Amino acid sequence: MFDFDRMIERRGTHAAKWDMMARLSGIKSPDAIPMWVADMDFAAPPGVTEALAVETRRAIHGYYADTGTWAAALADWMARRHGWQLDPTWVSPTPGIVSGLGLILQAVSDPGDEVVVFPPAYHAFRKIILANERRILDSQLVEIDGRYAMDLDALQLQLTPRTKIVFFCSPHNPGGTVWSVEEIRALAGFCAERDLILVSDEIHGDLVLDGDVRHTPAIAAAPEIADRLITCVAATKTFNLAGAHVGACVTSNPALKRRLDARIAASGLGSYNSFGMIATEAAWRTGDAWLDALLPYLAANRDLFDARIEAAARGARSMRLSATYLAWVDFAGTGLPPEEVAARIRDRARIFASPGPQFGPGGKTWLRFNFATPRPILEEALARLKDAFA
Ligand SMILES: Cc1ncc(COP(=O)(O)O)c(C=O)c1O
């Protein structure tokens with residue numbers, strides 16, 4: 001019903017993944033393959049395309065009226081997919097999750113305050129913290145049996161009176177860790193004891209690849225800390241609508257929400273982009289079958305990628321992802337220096353992958369590869385990687 005093998009030319013379409021590649025990577029070759037930013041090369045669900053087509057056919061593009069249907073669609077989605085009974089009055093739309101994180105920082109902390117991050121972690125966390133003149137407190141993840149785990153005992157020793165917020169990525173990017181209820185509860189309890197605000201970025205929550213693993217929203221795992229919790233969710237990663245630039249910050253604490261909404265108002269962000277709202281509402285309302293078809297396709301791409309990269313680069317190890325479409329590969333075991341690995345991938349394979357050091361401490365020997373692309377492109381990338389390490 002959905003053809004994820006279909007290759008759609010994206011070069012020259014303002015697709016950052018393709019059209020920013022040469023500038024950011026230095027790869028000049030016209031046949032370069034982008035495996036960096038978290039953006040899929042698949043057409044959006046048909047319900048999204050149709051909703052946008054209706055809008056463009058009407059051809060009047062005035063200000064968007066938020067009549068409540070958008071948050072209601074989000075609430076229905078969360079109830080249906082995650083068993084989370086979310087009250088639409090808890091929802092503050094923001095122009096994406098990263099901007100939401102910036103607004104949260106401004107709402108609940110002061111310049112110079114510290115924000116806990118669990119590296120290796122999504123690089124935009126670091127950038128938005130620093131751009132807001134807050135400080136990063138790195139709480140290094142540890143690898144146990146090929147999976148990341150938080151070390152809250154070590155974090156306890158690092159806290160200072162200036163530590164105010166925890167940025168939690170659930171599921172985790174990179175590494176694809178789906179946190180267990182016990183792990184989320186331990187972190188929630190930690191935040192409650194140390195009076196920290198917990199920000200749970202659950203943008204990858206719909207992208208769980210295996211049937212025996214479930215994403216648990218932080219609010220469902222630890223409802224008792226709801227007053228200090230802000231959950232960030234979006235349709236944009238799930239349905240490949242990143243250009244729509246809309247996400248939601250959700251908190252059931254009215255005082256916390258008022259502070260956040262005050263920052264949204266102060267930045268003039270209380271009026272929303274109609275295309276983004278229409279596209280994401282349509283995705284939540286009509287996208288179930290598309291997502292149910294996408295997930296096994298991604299899981300098969302993961303399995304193919306893992307098997308072939310480990311065969312191509314002897315000693316490389318791809319972390320077993322439970323979620324996301326971002327393979328996280330450690331090349332330390334190849335014995336090659338990181339610069340040599342990077343050069344082989346960039347210059348020989350003509351592939352732009354995300355450099356591990358971007359993700360903070362612990363990323364030095366790693367690279368992140370986005371495999372959310374039609375299988376013929378993935379096959380080509382894997383063949384080139386094989387040659388690059390031959
Ligand atoms: C954990 C995480 N949060 C947020 C984002 C980006 O969100 P947005 O485009 O809505 O700012 C990404 C994109 O890859 C991500 O991985």
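1. Contact is taken here to mean heavy atoms within 4.5 Å. With that cut-off in place, one packing arrangement may be described at the outset: helix 14, residues 375-389, lies across strand 1, strand 13 (351-355) and strand 14 (366-370). The helix runs at about 95 degrees to strand 1. The model under discussion is a predicted one.

2. Overall dimensions. The protein contains 14 helices and 14 strands. Its radius of gyration is 21 Å, close to the 21 Å that the globule rule gives for 390 residues, so the protein is as compact as a globular protein of that length. Taken along the principal axes, the box filled by the C-alpha atoms is roughly 60 × 60 × 40 Å. Buried residues make up 56% of the 390. Among contacts between residues at least 6 apart in sequence, 74% join residues at least 24 apart.

3. The sheet beneath helix 14 deserves separate comment. What is the order of the strands in this open sheet? Five strands form it, in the order 1-13-14-12-11, and the pairing is mixed. Its edges are strand 1 (33-35) and strand 11 (317-318), each of which pairs on one side only.

4. Strand 12 and its partners. Strand 12 comprises residues 326-330, runs antiparallel to strand 11 and is joined to strand 11 by two bridges. Within this pairing, arginine 317 has aspartate 330 of strand 12 as its bridge partner. Strand 12 also pairs with strand 14, again in the antiparallel sense, over five bridges. In that second pairing, valine 329 stands opposite leucine 367 of strand 14.

5. Burial of strand 12. Why may strand 12 be described as largely enclosed by the rest of the structure? The description holds because five of its five residues are buried. In a regular strand, side chains alternate between the two faces of the sheet. In strand 12, Leu326, Trp328 and Asp330 point one way, while Ala327 and Val329 point the other way, and all are buried.

6. The loop after strand 12. Leucine 336 is placed in the loop between strand 12 and helix 13 (338-348). Is leucine 336 buried or partly exposed? Its relative accessibility is 25%, and since buried means under 20%, leucine 336 counts as partly exposed. Neighbours within four places in sequence left aside, leucine 336 is in contact with Val341, Arg344 and Phe389. The C-alpha atom of leucine 336 is separated by 9.7 Å from that of glycine 315, although the two residues are 21 apart along the chain.

7. A second region, around strand 8. A right-handed β-α-β unit is made by strand 7, helix 8 (residues 181-193) and strand 8. Strand 7 (residues 163-169) and strand 8 run parallel and are joined by five bridges; valine 166 has leucine 198 of strand 8 as its bridge partner. Strand 8 also pairs with strand 9 (residues 229-233), in the parallel sense, over four bridges. There, aspartate 201 has cysteine 232 of strand 9 as its bridge partner.

8. Burial of strand 8. How many of the residues of strand 8 are buried? Five of the five residues in this strand (197-201) are buried, and the strand is mostly covered. The cover extends to both faces: Ile197, Val199 and Asp201 lie on one side, Leu198 and Ser200 on the other, and all are buried.

9. Cysteine pairing. A search of the whole structure finds zero disulfides. For the criterion used, a pair of cysteine sulfur atoms must be within 2.5 Å. Why does cysteine 169 form no bond to cysteine 232? The sulfur of cysteine 232 is the closest cysteine sulfur to that of cysteine 169, but the separation is 10 Å, too far for a bond. For cysteine 191 the closest cysteine sulfur is also in cysteine 232, at 14 Å, which is likewise too far for a bond. As regards accessibility, cysteine 169 is buried, with a relative accessible area of 3%, and cysteine 191 counts as buried at 0%.

Terms used: Residues numbered from 1 in each chain as written. Predicted model: local features only at pLDDT ≥ 70, side-chain atom pairs only at ≥ 80, totals over all residues. Heavy atoms only, no water. Pairing = 2+ DSSP bridges. Axes fitted to C-alpha atoms, helices over the stretch in contact; angles between N-to-C directions. Buried < 20%, exposed > 50% of the residue type's maximum accessible area, 1.4 Å probe, protein only. Right-handed = clockwise from strand over helix to strand, strands pointing away. Rg over C-alpha atoms; globule rule 2.2 N^0.38 Å.
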